[in-house]
Amino acid sequence: MKRLIIFIGLLIIMAITNPSKADFVSWVEEKGIEQSDNIIEKGITYFAAEAWADSLTHANDYIIFSTYTMLMPDGQEFTFLGACNDFLPIGHFDVDTIVSSILTFVGVIFIALILLRIIRNIGKQKRQDN
């Protein structure tokens, strides 16, 4: 029974932290600015990336996670998995992004487990007090 409650709690947390298309577009803009080499590129990215990324992105929402596919004008397709307020590239691998995403996901799971344990202990104390 405990495992079922934990599993349901994790699903609820994942559903709450499932990023939207707007979150993905903001993430793409942020990554573009980070990777720009000079102030001119940063400025162009700042003003153009949001509309550009929004127009090229197709989102699929699966409640506990989402996928985002960007079809570039040259025909290249990039797919990303969105979960726990983070994004993970699928199909092409950027090790730093993958490690960062995994650590974020593990951190969210760890916090969720701590919160579930606290809630369970509060429930035990209330039963003992009665």
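In the predicted model, the chain contains four helices and four strands. Read from the N terminus, these elements follow the order α-α-α-β-β-β-β-α. The chain has 130 residues, and 28% of them count as buried. Its accessible surface amounts to about 9100 Å², with 65% of this area belonging to carbon and sulfur atoms. Among contacts in the chain with a separation of 6 or more, 42% are between residues 24 or more positions apart.

Helix α1 covers residues 2-16, which makes 15 residues. At 1.5 Å a residue, a helix with this number of residues should span 21 Å, and the end C-alpha atoms of α1 are indeed 21 Å apart, so the expected and computed spans agree. The buried residues of α1 are Gly 9, Leu 10 and Met 14. Viewed down the axis of α1, these buried residues lie within an arc of 135°, and they therefore line one face of the helix. In general, an α-helix has 3.6 residues a turn, so residues three or four places apart point the same way.

Aromatic rings were examined next. The count of aromatic pairs comes to eight. One of them joins Trp 27 and Phe 80, whose ring centres are 5.5 Å apart. The planes of these two rings stand at 70°, which is over the 60 degrees required, so the pair is classed as edge-to-face. This pair links distant parts of the chain: Trp 27 belongs to helix α2 (residues 21-35) and Phe 80 to strand β3 (residues 77-83), with their positions 53 residues apart in the numbering. Trp 27 and Phe 80 are both buried.

Trp 27 also pairs with Phe 87. Here the ring centres are 5.1 Å apart and the planes are at 40°. An angle of 40° is neither under 30 degrees nor over 60, so this pair is tilted. Distant parts of the chain are again linked, since Trp 27 lies in helix α2 and Phe 87 in strand β4 (residues 86-90), 60 residues apart.

The burial of Trp 27 and Phe 87 follows from their relative accessible areas. Trp 27 has a value of 15%, which is under the 20% cut-off, so Trp 27 counts as buried. Phe 87, at 4% relative accessibility, is buried for the same reason. Trp 27, Phe 80 and Phe 87 belong to one aromatic cluster, which also includes Phe 24 and Tyr 68.

Conventions: Residues numbered from 1 in each chain as written. Predicted model: local features only at pLDDT ≥ 70, side-chain atom pairs only at ≥ 80, totals over all residues. Heavy atoms only, no water. Helix = DSSP H or I, 4+ residues; strand = E, 2+ residues; numbered from the N terminus. Buried < 20%, exposed > 50% of the residue type's maximum accessible area, 1.4 Å probe, protein only. Contact = heavy atoms within 4.5 Å. Areas by Shrake-Rupley, 256 points an atom, 1.4 Å probe, with all protein chains shown as cover. Expected span 1.5 Å × (residues − 1). Arc of directions from axis to C-beta. Phe/Tyr/Trp six-rings, centres within 6.5 Å; stacked < 30°, edge-to-face > 60°.
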